[in-house]
Amino acid sequence: MALRKALGGAKNPTHYLAIPPSLFGTVIEQLGKTGCAAGARVVIVDRNERLAREHASALGASARVIAGDVSHSAFCENAVAEAVGRDGRLDCLVNAAGIIVRATGLETSDDDWRRMMAVNVDGVF
């Protein structure tokens, strides 16, 4: 309900979603339960363009995909600018991108650790 209150009377809100594809359905379902998805324009951001497009096609013509890596701040700035440029505003941002390497601390390489931190920490900043 906090999101509905924050959106106020916004008609056709624009939602920018940078979340793992596995959570996309859950997020959309919850936006729908609160009435926040009614008439919404959705921008899906993900490195996996094919999967993001599958989710977008399930939503219909109002959903758009911007493919890229949220661990790069320049990409994030450009993606938000593209969404705002296309839709005129940004009403809601769900930024929950995340990855995991299933290994012990001793088995995790420096590169894997840096990649997880870049996406999970830097990407949501």
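## Nonpolar cores, a buried aspartate and helical salt bridges

The largest nonpolar core consists of 10 residues: V43, V45, I66, V70, F75, C76, A79, A83, A97 and V119. Two elements, β2 and α4 (73-87), each give two or more residues to this core, and α4 provides the largest share, 4 residues. A nonpolar core is here a set of buried Ala, Val, Leu, Ile, Met, Phe, Trp, Tyr and Cys residues joined through side-chain atoms within 4.5 Å. Buried denotes under 20% relative accessible area, exposed over 50%, and partly exposed the range in between (1.4 Å probe, protein chains only). In soluble globular proteins, nonpolar side chains tend to be buried together.

The structure is a predicted model, in which local features need a pLDDT of at least 70 and side-chain atom pairs count only at pLDDT 80 or more, whereas totals for chains, interfaces and linings use all residues. Residues are numbered from 1 along each chain as its sequence is written, and side-chain values use heavy atoms, with hydrogens and water left out.

**Confidence and architecture**

The mean pLDDT (the predictor's confidence in each residue, from 0 to 100) is 77 for the protein, and 73% of the residues score at least 70. Helix α1 (residues 2-7) has the lowest confidence, with a mean of 58, while helix α5 (residues 110-122) has the highest, at 88. Where pLDDT is low, the predicted coordinates should not be read in detail.

The protein contains 5 helices and 4 strands, arranged along the sequence as α-β-α-β-α-β-α-β-α. Helices (H or I, at least four residues) and strands (E, at least two) are DSSP runs, numbered from the N terminus. Of the 125 residues, 34% count as buried. Among contacts (heavy atoms within 4.5 Å) between residues at least 6 apart in sequence, 58% join residues at least 24 apart.

**Surroundings of I66 and D46**

Leaving aside residues up to four places away in sequence, I66 touches V43, I44, V45, D46, F75, A79, E82 and A83. A second, separate core has 8 residues, including F24, V42, I44 and V65.

D46, one of the residues that I66 touches, belongs to strand β2 (residues 41-46). D46 is buried but has no salt bridge; R47, the nearest side chain of opposite charge, is 6.6 Å away. For charge, Lys and Arg count as positive and Asp and Glu as negative, with His and the chain ends not counted. The side chain of D46 does reach the backbone nitrogen of N48, at 2.6 Å.

**Salt bridges within helices**

The whole structure holds 6 salt bridges, each defined by a side-chain nitrogen of Lys or Arg within 4 Å of a carboxyl oxygen of Asp or Glu. Three of them are listed below with their closest N to O distances.

| Salt bridge | N to O distance |
|---|---|
| R53 and E49 | 2.8 Å |
| R50 and E54 | 2.5 Å |
| R86 and E82 | 2.2 Å |

R53 and E49 both lie in helix α3 (residues 49-59), 4 residues apart, about one turn of the helix. R50 and E54 are likewise 4 residues apart in helix α3, a separation of about one helical turn. In helix α4, R86 and E82 are 4 residues apart, again about one turn.

R50 is exposed, with a relative accessible area of 54%, whereas its partner E54 is partly exposed at 42%. R53 is partly exposed at 43%, as is E49 at 35%. In helix α4, R86 is partly exposed at 37%, and E82, which I66 also touches, is partly exposed at 34%.

Terms used. A polar contact is a pair of N or O atoms within 3.5 Å; within protein, one must be able to donate a hydrogen and the other to accept it, and residues adjacent in sequence count only if both atoms are side-chain atoms.
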